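Subject: Handover of a protein structure

Dear colleague,

Please find below the structure that I am handing over to you. A description of what was found in it follows.

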Amino acid sequence: MHKLASRLQQFRSGSPLSFRLLAYILLFSSVFTLLASGIQIYNDFRKGVNSIEERMSVVETSYSSSLSRSLWALDQKLLEIQMEGILSLPDIIQLRLQIAPNSEILMGVVPNGVETRVHSFDLIHDGDESFKLGQMTITASLEQIYANLKQTVVVVLTTQFLKTFFISILIVWIFQYFVTRHLSAMANYARNFSLNNLDDPLQLDRPDTEINRIDELSQVTEAINQMRERLQEDLRKQRLDAAKINELSKAIEQSPSSVIICDRQWQIEFVNQKFTQLTGYDSAAMIGKHPGMLTDDPFLQRENRQLWQAIQLQVQRVGVWQGESNSVRRNGERFWEQLIVTPIKGTDGQVTNYLILGEDISIRKRYEQQLLRQANYDVLTGLPNRMLALDRLKLALAQAQREDTLVGVMFLDLDNFKHINDTMGHDAGDSLLIEAARRISSALRGTSTVARLGGDEFLVVLPGLQDADSTTQVAERILQTFATPFTLNHQEVFVSTSIGIAIYPTDSENSGTLLQNADAAMYQAKNKGKSAFERFSPEMKEVSHERLQIESRMRRALELNELELYFQPIVETCSGKVFGAEALLRWNNPTMGMVMPDKFIPLAEETGLIIPIGQWVLEQGCQAAMQWQKAYGIALSISVNVSPRQFRDPNFIDVVLSALKLSGLPPQRLELEITERLILDNSIETSEILTRLDQEGIRLSVDDFGTGYSALSYLKSYPFDTLKIDKSFVQDVNNKQEDASLVRAIINMAHSLGLKVIAEGVEEEEQITFLNDENCDYSQGYFYGRPMPEPEYRDWLETSQRAQI
């Protein structure tokens, strides 16, 4: 009761010591907070400005020589990549590259009202004579620094004031609760202390916790009777600290990153196990060495010395260095390493050691280089692709304008490449392109560029020419390299190329027009007979324009209903009864008149228009066969030619099945005619498509048999139903014994494989007699009827039906 009354009395009278403590805390903490906040805010602002200025200086040091080399080489693509790299740095908002005499490249925008720092430096080419190429001006924005400054002022002052106030109140309360009342208890104990109660310990009214046992009050009240306990606690803490140090050492040793710890003189004191695995160097042998002097190669040592001088300077100035290094393993193998170098400071703030963390990023660097190469180079041939070629062409034109020289542009297209690709397979086509690229490159000088534009098209840029005849000499050398046969699939194949040439500035001063003119000249070379070259002339634009007109009109032919189907009868040879018809495509254009297939089908193949056109032919052909059945009560088959481009369309099978479904025609009455060169592709995709069509009940026919490679083994591999003998063999069966023997052999061979035979080009009755004697199943040709529009074919059917009654 006495103690309780004493505490109540203290509470009523207050605690003068607590209130004085509160006043002093508020006063001094407020002054210190304002002073420290001001210094902190000003230092943060200066550090931000200094970091921007240092960054711009580092850009000058790191990029001036590489920018000068790129600018001297007129490599605009590399210049843009380097400038984009600079512009990606923090706070850099604009780059202005002034190129002598009066050109410039500007990247980035400076917003209005933004305070900036500007740094300029000259780009100088050091050769026999120093030559100023231009000046780079870097503009950095202080907007982020001021934004951070404003935010920091508000946050720091508000938080510091609230923190100071509440902490002061809390400290006073804590001081009163944890100290003042116990000081009163200690005073009462001192008043009552005597020799009679030395064995009575001082006990304070507070929980017996670990913290309470080691604080100042405990040290005062329990100085004697708790000495042993405090000593034991100190020993326990030491063991705990040792355990923590041991755990930290294990963590560093087992770190997935390599760790190097150096002393203040940058001498290695410790390396972990990952460093040994990464570099191959023994950890004991590294002690005392400089991290940049691990190799014994003098050249690498000089290279590393320059890097580590920059690293040490950066760490001393900024406090950290982070970057990529092309390091070397003990076996001499180079690898890319991501490094972070930071100082380790003691309790007094002084640097005691340096920590170097490393990580192997070789895989990432290879991936980045691969992506960069894929963006600028053709994967198959390794040549520059279209994008890089156009950049080099523009640079060549700019150089030619400055030096008053010529630039030759050559457009090359391999002759009959599509035929080789279709007949010998894509692998052979790829091999041909690789070898063609090598031969073209071998005919050029070092400053020239050869690029693959796509497919079998190549572009050659010849810069710095003094006269146009130089392009003729290069073209002749290229044609000469193609005189030697190509070895594809262990076969010798002769492939030539057609070359179109345009000259800057004679033919055009624009890169796009130059390419168009060279393309027009190339088509003229092909028309000339292939394996030739042609210089561009204005007349060629008319030919190119005509081809573009045909392509443009053909793109609208389906939409304007200009396409027509003609039908040629197919009859049984022995009876003369009609069996079906072959659907043949015609194009009736109001401007050009009737355009024959050999004029527009190759262009449709090249442009891909053959896919929608082929779908239309299938749908119309199937519908016509069903209409004939409804009109005349006879189930006729319909034959439709399929082009290689159409056959390889991923949706081809769906298109065929859709045409059958829309028309209602049974699958067995549709026959798809496929050329030999398509089946000789012998790919998995070809086999799967033919097998799927056969499973659906669709008949398959080999068209124009005998004109290609006539590989009989493929007839056994694929599910064909019919074989069509080309008319070139049929027309002379009664005049040439060799043609008669060949046709006879084809019929016998086809029948032995279970195939039906259709003879094309039958024009005479003697041919029918021969074919009938040889048991040819069906015949087709002018003797029975020419290809005719659908109304005329209906009339022919009626006449044929009446004649057979």
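A residue counts as buried when its relative accessible area is under 20%, as exposed when that value is over 50%, and as partly exposed in between. Asn-489 has a relative accessibility of 44%, and therefore counts as partly exposed. Please bear in mind throughout that this is a predicted model.

Backbone geometry

Asn-489 also deserves mention for its backbone. Its phi is positive, at about 55 degrees, although the residue is not a glycine. Asn-489 is placed in the loop that runs between β13 (486-488) and β14 (491-493).

A second asparagine shows a positive phi as well: Asn-561, with a value of about 60 degrees, is likewise not a glycine. Asn-561 belongs to the loop between α17 (540-555) and β17 (563-572). Is Asn-561 buried or exposed? Its relative accessible area is 68%, which is over the 50% cut-off, so Asn-561 is exposed.

The peptide bond between Tyr-504 and Pro-505 is cis, with an omega of about 0 degrees. Pro-505 is found in the loop between β15 (497-504) and α16 (511-528). As background to these features, most residues other than glycine have a negative phi, and most peptide bonds are trans.

The protein as a whole

The protein has 805 residues, of which 42% count as buried. Its secondary structure consists of 28 helices and 26 strands. Taking the contacts between residues at least 6 apart in sequence, 61% of them join residues that are at least 24 apart. The accessible surface amounts to about 44,100 Å², and carbon and sulfur atoms account for 52% of this area.

The second largest pocket

The volume of the second largest pocket is about 1,900 Å³. Its lining is made up of 40 residues, and those closest to the centre of the pocket are Val-58, Val-59, Ser-62, Tyr-63 and Trp-321. Which elements each supply at least two residues of this lining? They are α2 (16-72), α3 (76-87), α10 (298-318), β7 (321-328), α11 (362-376) and α12 (386-403). The largest share comes from α2, which provides 12 residues. By class, the lining of this pocket comprises 15 nonpolar, 15 polar and 10 charged residues.

Cavities

How many cavities of 30 Å³ or more does the structure hold? There are 3 of them, and the largest has a volume of about 260 Å³. The largest cavity has 20 lining residues, and Pro-291, Leu-294, Trp-308, Ser-327 and Glu-337 lie nearest its centre. At least two lining residues come from each of β5 (258-262), α8 (273-279), α10, β7 and β8 (334-345). Here β7 gives the most, with 4 residues. The lining of the largest cavity divides into 11 nonpolar residues, 8 polar residues and 1 charged residue.

Cysteines

A disulfide is a covalent bond between the sulfur atoms of two cysteines. The search for such bonds covered the whole structure and found 0 disulfides. Two cysteines may be noted for their burial. Cys-262 has a relative accessible area of 0%, so it is buried. Cys-776 has a relative accessibility of 4% and therefore also counts as buried.

Two further residues

Ser-257 sits in the loop between α7 (227-253) and β5. Apart from neighbours within four places in sequence, Ser-257 is in contact with Asn-272, Lys-274 and Gly-358. What is the C-alpha to C-alpha distance between Ser-257 and Leu-357, which are 100 residues apart in sequence? In space, the two are 6.3 Å apart.

Glu-104 is part of strand β2 (residues 103-108). With a relative accessibility of 41%, Glu-104 counts as partly exposed. Its contacts, once neighbours within four places in sequence are set aside, are with Arg-96, Leu-97, Gln-98 and Ile-99. Glu-104 and Met-136 are 32 residues apart along the chain, and their C-alpha atoms are separated by 9.4 Å.

With kind regards

Terms used: Residues numbered from 1 in each chain as written. Predicted model: local features only at pLDDT ≥ 70, side-chain atom pairs only at ≥ 80, totals over all residues. Heavy atoms only, no water. Buried < 20%, exposed > 50% of the residue type's maximum accessible area, 1.4 Å probe, protein only. Contact = heavy atoms within 4.5 Å. Areas by Shrake-Rupley, 256 points an atom, 1.4 Å probe, with all protein chains shown as cover. 1 Å grid on protein atoms, 1.4 Å probe; cavity = no way out; pocket = protein on both sides within 12 Å on 5 of 7 lines; lining within 4 Å. Points joined across faces, edges and corners; volume = space filled by probe spheres on them. Nonpolar A, V, L, I, M, F, W, Y, C, P; charged D, E, K, R; others polar. Disulfide = S-S within 2.5 Å.
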